[in-house]
Each structure stands twice: as C-alpha cells, then as structure tokens.
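Student: I am new to this structure and would like to begin with a close look at a single part. Please start from one pair of residues and lead me outward from there.

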Amino acid sequence: MGGTRRVAVIGGGVSGLATAYHLVGGSDASQGAGDGHGVAVTVLEAGDRPGGKIDSATVGGVTVDTGPDALMIKAPAAAELVADLGLDDDLRPPSGRGAYLWSKGALRPLPPGSVFGVPDKLWPLLRSGLLGPWGFVRAGADLVLPRAPLSGDPTIEEILRPRFGTQVFDRLVEPLLGGVHAGRAGRLSARSAAGEVFSLAEGRRSLYLALRNRRTDQRPPASPPRPALMSLRGGLGRLVDGLVGVLGRTPSATVLTGATVTSIARHGGGYRITGDGFEPLDVDDVVLATPAWAAEKLLRPVAPSAADAVKGIPYVGVATVVLAYSPEAVGGVPSGTGFLVPPVERRLLVGCTWSTSKWPHLLEGRSPDAGDPPVVIRAMVGRDGDQAWSGMDDAVLVTAVRRELAASMGVHGEPDAVHVRRLPLAMPQYTVGHADRLRAADRALAEPPGLYLTGAGYRGVGLAACLAQAKNVAAAVRARVAEPVPAA
Ligand SMILES: Cc1cc2nc3c(=O)[nH]c(=O)nc-3n(C[C@H](O)[C@H](O)[C@H](O)COP(=O)(O)OP(=O)(O)OC[C@H]3O[C@@H](n4cnc5c(N)ncnc54)[C@H](O)[C@@H]3O)c2cc1C
C-alpha cells in the first residue's frame with residue numbers, strides 16, 4: 001500500500017502555501033506534530049520571496065501592505081488559520097471611520113450597509129448627496145417592480161440597473177465593484193462575482209426589502225462582534241511568515257523560491273516537473289496555485305481541455321501607489337478610511353485608502369520623540385477597460401495620482417516618500433460563463449488524475465476564499481494518499 005505521496009505545489013502565494021500547509025497536516029503541523037501525514041510536498045515559487053500578491057513596503061517609516069490589506073476574518077477558513085498560526089492576538093481592527101465616494105466634484109459619504117452598492121437604508125443614501133432627486137426616486141422603483149425572473153448567467157448590471165436605475169448603478173454599484181474586483185458590472189457574472197446579490201435577487205421581489213429584512217432579522221450579538229475585516233500587526237505578510245515557518249519545521253515540506261516551472265509532463269504513473277532554478281522533480285500529484293493564465297500554459301500539453309477552460313478567465317492589471325506625507329502637507333489627518341471612484345468620473349484613481357487613518361496599528365510602537373506621525377495614503381489605479389497606468393513610468397504615474405489627490409482631497413504638499421507597486425494581470429475577472437468554465441475544467445481534470453487547480457482565479461478572489469479553496473484542494477489530494485502510489 002501507498003508509501004509517501006509526493007506532491008508539487010506550483011505557486012507560493014497564499015493559495016499554494018496554505019495548500020501545502022493543509023497537505024502536511026494543517027493544525028497538527030502548526031503544533032509541531034508535522035511528520036507530513038504521508039505526504040511530501042514541494043512548493044515551487046517563481047518569485048524571489050513567497051507570498052505572491054501579499055507584500056509590504058516601508059514608506060516614510062511606516063510599513064504598509066502594498067497588496068491585500070484586509071482579511072475577511074469572519075470567514076471560518078481565515079479565522080481557523082489565524083488561530084492555528086497563533087496570530088489571534090496580533091489581529092488589528094480598522095478604525096471604523098466612514099468611507100467616501102469621489103463623485104460629482106466632492107468626497108461624499110458612502111452610505112453604510114450597502115452590499116455591492118445595493119442600499120438597505122434610504123436616509124443615509126438621501127443625505128449622501130450621491131443621487132439627484134430623480135435618481136433617488138428611481139432607486140425606489142425596486143420596491144414596486146415585479147420580480148424579474150433570472151435565467152442563465154446574468155451580469156451584475158443586468159440585475160441591478162433595471163431595479164435601481166442608472167444613478168445607483170453608476171455612483172454606488174460600479175465603484176464598489178471596482179474596489180473589490182477592479183471589474184465592471186456589465187461583464188462580471190452576478191452568480192460568480194456577487195453570489196450574495198444573485199441569491200437575494202433570485203429568491204425575492206425587492207432587493208432593498210430583502211437586505212433590510214436580513215438586517216433587522218439579525219439579532220444583536222451578546223458581545224460586540226469583531227469586525228468582519230481585520231489586519232495583522234506587522235501586516236498580512238505575517239500569514240505568509242506563519243505558513244512558511246510551519247512548512248520549514250516540517251521535514252517532509254520544502255519551499256523553493258526562484259523556481260519557475262516551465263513544464264509538466266506525464267512520467268510513469270505521475271508527473272515530471274521541470275523549470276528554471278530547480279532540479280526536475282518527479283511527483284504523484286500536482287497542484288497548480290498560480291494565476292489561471294500561468295496554469296493554462298502549464299496544463300496545455302498534459303490536459304489541453306482544462307487549459308482551454310481556464311484560458312477564458314481574463315485578468316486585469318492594477319498598481320498601488322503609497323505616499324507618506326507630513327500632516328501639514330495634507331492639511332490635517334483625514335477623518336475616514338478612504339474613498340472609491342465611480343468609473344463614470346473617468347479618473348485614473350479607482351480608490352484610495354487613508355492607510356494610517358484606516359489602520360491605527362500602523363503607527364503602534366512609534367517613539368514619541370519621532371515627531372508627528374506621517375499620513376500614509378495608498379492609491380489604487382487600474383480596472384477592467386482602463387489600463388492607462390500601465391503606459392506610464394513611475395514618475396508620470398505618481399504625478400498623475402498626486403494631481404487627483406489634489407483635486408479630491410486638496411492635498412497639494414510634497415510627499416516625503418513614495419512607493420509604486422505594479423501588478424500586471426493581477427485581478428481575475430469572473431465574467432459571464434465563469435461557472436461553466438470551472439465545471440469544464442473540473443471535468444477535464446478528472447482524467448488524467450492527480451492535477452488540481454486552486455487560487456484566486458477560480459472560486460473567490462479574496463484571501464479568505466483562497467484559504468478555503470486551499471483547504472478543499474488539500475483534502476482532495478489527501479483523499480488519494482491511501483491509494484497505492486503508481487509504480488514509476
Ligand atoms: C492591489 C490588491 C489588493 C487586494 N486587496 C485585498 C484585500 O484587502 N483583501 C483580500 O482578501 N484580498 C485582496 N486582494 C486579493 C488577494 O490579494 C489575492 O486574491 C490573493 O493574494 C491571491 O493569492 P494566490 O496565492 O491565489 O495568487 P498569487 O498571490 O498571485 O500567487 C501565485 C503565485 O504563483 C507564482 N507563479 C506564477 N507562475 C509560476 C510558475 N510558472 N512557476 C512557479 N510559480 C509561479 C507567482 O509568482 C505567485 O507568487 C487584493 C489583490 C490586489 C492585487
């Protein structure tokens with residue numbers, strides 16, 4: 001019967017690292033009981049550090065996440081991993097101050113309680129000044145319109161625009177989607193990219209009433225709940241450090257960086273993995289935890305139908321520009337968490353996080369002698385249909401971002417430090433047909449056995465969704481551990 005099962009995980013972002021972690025025993029491994037549970041795993045990461053999108057930079061003396069900066073801690077897979085890695089005490093909440101939309105020449109309060117821009121409270125929406133009188137009246141049509149039967153795979157736009165009108169759609173729905181997916185509502189599948197909106201629209205006549213009822217049905221918790229989204233002291237890279245630490249202490253796990261996989265070929269009953277920066281590796285199973293466009297190339301020779309299925313998953317590039325200012329240069333510390341920008345405004349900025357106001361812990365531990373703490377602003381540019389940033393060099397990009405910070409926030413001062421991070425082909429777009437593509441990929445990967453896909457390109461773009469997928473894929477591989485290892 002089976003000896004040790006050899007698994008290669010391609011891609012050392014959070015998805016690949018978490019898959020490897022669960023393969024060698026998960027919480028058992030983190031408790032030091034990591035004999036690998038019958039699995040020997042090698043993570044092959046092309047970059048010179050593990051973590052993928054998760055990274056940070058120290059700008060003006062403050063260490064800021066330059067990729068993801070918030071973890072959906074209410075998701076069980078995230079809460080469990082943070083606890084297993086002993087990071088519970090390092091969770092840090094956001095300040096809870098409000099966010100804004102830069103709309104019609106001013107920063108206007110983002111009405112609280114909206115799911116992907118669908119309002120569930122009318123008064124804050126009215127007060128926000130986001131909508132004109134007609135837009136507000138038109139939004140109310142959702143209350144009286146008959147139920148619209150959903151068929152096929154509608155876009156988010158097809159569901160929301162008819163119900164709430166153009167103003168809610170342009171000024172609320174689109175900017176919120178931009179912030180999460182860097183995507184556009186006219187292309188994204190509601191079922192795949194906004195499942196909550198899809199199921200509410202499927203089951204109820206009025207979306208506004210469905211959301212409002214859900215809010216009033218929720219009993220107030222006995223003790224204050226922790227915020228849904230949190231960060232970690234020292235940044236979300238602590239998750240990466242934690243996972244790499246456990247894998248490093250597990251004798252049957254190896255994490256290689258600077259290891260770019262260029263080919264997967266059938267070899268005996270398993271696979272031979274070759275590439276740059278590592279010796280050819282023979283394994284029984286291969287987990288592809290890369291973006292879908294990288295998986296497509298690697299799958300082409302061994303599983304062409306699966307390659308065809310994932311080829312249809314488009315990606316959009318984004319960049320983050322982090323600027324550190326003295327409080328005087330920005331005219332005081334901003335009193336919110338940041339703002340989003342509706343695409344209809346035709347600006348370069350997609351959104352902007354006032355990092356030091358949103359995450360007070362970023363200034364924890366500063367010496368009182370260090371003077372006034374800096375104000376750190378993190379701008380995000382790039383969304384589906386707007387890749388203007390990619391044609392600008394860093395100096396031009398920073399100038400363009402500063403021009404918009406001046407127009408939106410009145411920031412005219414010079415930054416003391418700036419950091420630009422470019423992330424081409426970073427954000428997967430779950431466009432119409434995404435669920436069909438995943439089904440086709442699953443069917444195609446049933447034969448030959450031993451090939452798996454995981455990561456942000458497939459079943460959830462956020463970190464918590466990546467962690468849940470990683471756990472599931474590790475369980476699927478582990479289910480084969482008891483099978484005899486095929487003779488080479
Ligand atoms: C600017 C930005 C902000 C975000 N904000 C948030 C947020 O606040 N909260 C949240 O939950 N999510 C956020 N996300 C999404 C989240 O960061 C990603 O979904 C998640 O990090 C993806 O992890 P992954 O491991 O699936 O992919 P990646 O992090 O992309 O990792 C894939 C890895 O595969 C490697 N690779 C590719 N090809 C090969 C090859 N041939 N051989 C070897 N290695 C290869 C790459 O080098 C990379 O390291 C954000 C994303 C971006 C870009």
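Tutor: Leu 71 stands opposite Met 230, which lies in β9. This is a predicted model, in which local features need pLDDT of at least 70 and side-chain atom pairs count only at pLDDT 80 or more, while totals for chains, interfaces and linings use all residues. Residues are numbered from 1 along each chain as its sequence is written. β5 and β9, the latter made of residues 229-232, pair in the antiparallel sense over two bridges (strands are DSSP runs of E with at least two residues, helices runs of H or I with at least four, numbered from the N terminus; pairing needs at least two bridges found by DSSP). In the order β5-β9-β6, three strands form an open sheet with antiparallel pairing. Its edge strands, each paired on one side only, are β5 (71-72) and β6 (91-92).

From the sheet we can turn to the ligand, which is surrounded by 38 residues, the closest being Gly 11, Gly 13, Gly 52, Pro 68 and Gly 462 (a residue counts as near if its C-beta atom, placed from the backbone, lies within 6 Å). Among the elements that give two or more residues to this shell are α1 (14-23), β11 (260-267) and α17 (463-478). At least three residues of the shell come from each of domain 1 (5-52 + 236-313 + 431-478) and domain 3 (315-428), with domain bounds taken from an automatic or database domain assignment.
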